[in-house]
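Student: Please take one part of this model and go through it closely. I would like to know what surrounds it and how its residues sit in the rest of the chain.

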Amino acid sequence: FGTVQKEGGTGVRTVRDVAAEFCACLALAASLNNDKAGLIASTDRIERYVPAKKGSSHVLRLIREVLALETEGTGSDLAAALEYAARVQRKRSIVFIVSDFLVPDYQRPLNLLARRHDVVAVRILDPHSVELPRAGLLNLRDTETGRRVLVDTGSRRVREAYARRMREHDERFAATLRRAGVDRMELSPDKSVADPIVKFFR
């Protein structure tokens, strides 16, 4: 999903673009600090696993993987990805979970992962997925299910109901992270990924 125009260009900067940029920045930061970096990419299945290693050639591989990743799955199963991470990452690490977190039922595997590792939830949301713009009738398609729905964004009642549901989701998300003792970072396609990273590590 993406609606924000790139600076000085055409097209949009999607949530996926931001996720790839963030992962690339982290890999480079790890390399400069002589730390290992790895990758688990998932949809409703594990799409790619690159074990953590050091070195510039490994970092370039990670960047290539996140930028060029083509997925087979169409859904989302964050719980399975967290369980997989807990199985394959034995040594204590910093685990960044990069997601929109618009998925159900991941509290238990998050708790288990956070017991062994320092976990940071990196949530990426496009501004228009948080608050519907007043744009008239929108024909939307869920990329995971293929289901289409016609939404009247001209209706104040519809926009308010949507905003209320997103606020409730945000409260549940915050509570989930608090219970697990997980740190939080927020990213958006209309902002730099570098600033939150620098702020977090400071």
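Tutor: Two residues are in contact when heavy atoms lie within 4.5 Å. With that in hand, the part to look at is helix α3, together with the loop between β5 and α4, where Tyr106 lies. The model is predicted.

First, the setting. The protein chain has seven helices and nine strands. Its radius of gyration is 18 Å, close to the 17 Å that the globule rule gives for 202 residues, so the chain is as compact as a globular protein of that length. Along the principal axes, its C-alpha atoms fill a box of roughly 55 × 40 × 35 Å. Buried residues account for 38% of the 202 residues. Of the contacts between residues at least 6 apart in sequence, 63% join residues at least 24 apart. The accessible surface is about 12700 Å², and carbon and sulfur atoms hold 49% of it.

Now helix α3, which covers residues 78-88. Its buried residues are Leu78, Ala79, Ala81, Leu82, Tyr84 and Ala85. The cover over these residues includes three strands, β3 (37-42), β4 (46-53) and β5 (94-99), and one helix, α4 (107-116).

The helix also takes part in the largest nonpolar core, a set of 18 residues in which Ile97, Tyr106, Leu110, Val119 and Val182 touch the most other members. Two or more residues of this core come from each of α3, β5, α4, β6 (118-124) and α6 (156-180). The most come from α3, which gives four. There is also a second, separate core of 12 residues, with Val122, Met185, Val193 and Ile197 among them. As background, nonpolar side chains in soluble globular proteins tend to be buried together.

Tyr106 connects the helix with the loop. Leaving out neighbours within four places in sequence, Tyr106 is in contact with Leu78, Ala79, Leu82, Phe101, Phe173 and Thr176. Of these partners, Leu78, Ala79 and Leu82 are among the buried residues of α3. Tyr106 has a relative accessible area of 6%; buried means under 20%, so Tyr106 is buried. Between Tyr106 and Glu83 there are 23 places in sequence, and their C-alpha atoms are 9.5 Å apart.

Two further residues of the loop deserve attention for their backbone. As a rule, most residues other than glycine have a negative phi. Phe101 lies in the loop between β5 and α4, and its phi is positive, about 60°, although Phe101 is not a glycine. Asp105 lies in the loop between β5 and α4 as well, and its phi, near 55°, is a positive value in a residue other than glycine.

The side chains of the loop have opposite settings. Phe101 has a relative accessible area of 1%, so it is buried. For Asp105 the value is 69%; exposed means over 50%, so Asp105 is exposed. Next in the chain comes Tyr106, which is buried and has Phe101 among its contacts.

To put the part together: α3 gives four residues to the largest nonpolar core, and Tyr106, one of the residues touching the most other members of that core, meets the helix at Leu78, Ala79 and Leu82.

Note on methods. Residues are numbered from 1 along each chain as its sequence is written. This is a predicted model: local features need pLDDT of at least 70, side-chain atom pairs count only at pLDDT 80 or more; totals for chains, interfaces and linings use all residues. Side-chain values use heavy atoms; hydrogens and water are left out. The radius of gyration is taken over C-alpha atoms; the globule rule is 2.2 Å times the number of residues to the power 0.38. Buried means under 20% relative accessible area, exposed over 50%, partly exposed in between (1.4 Å probe, protein chains only). Accessible areas come from the Shrake-Rupley method with a 1.4 Å probe; for residues, only the protein chains shown count as cover. A nonpolar core is a set of buried Ala, Val, Leu, Ile, Met, Phe, Trp, Tyr and Cys residues joined through side-chain atoms within 4.5 Å.
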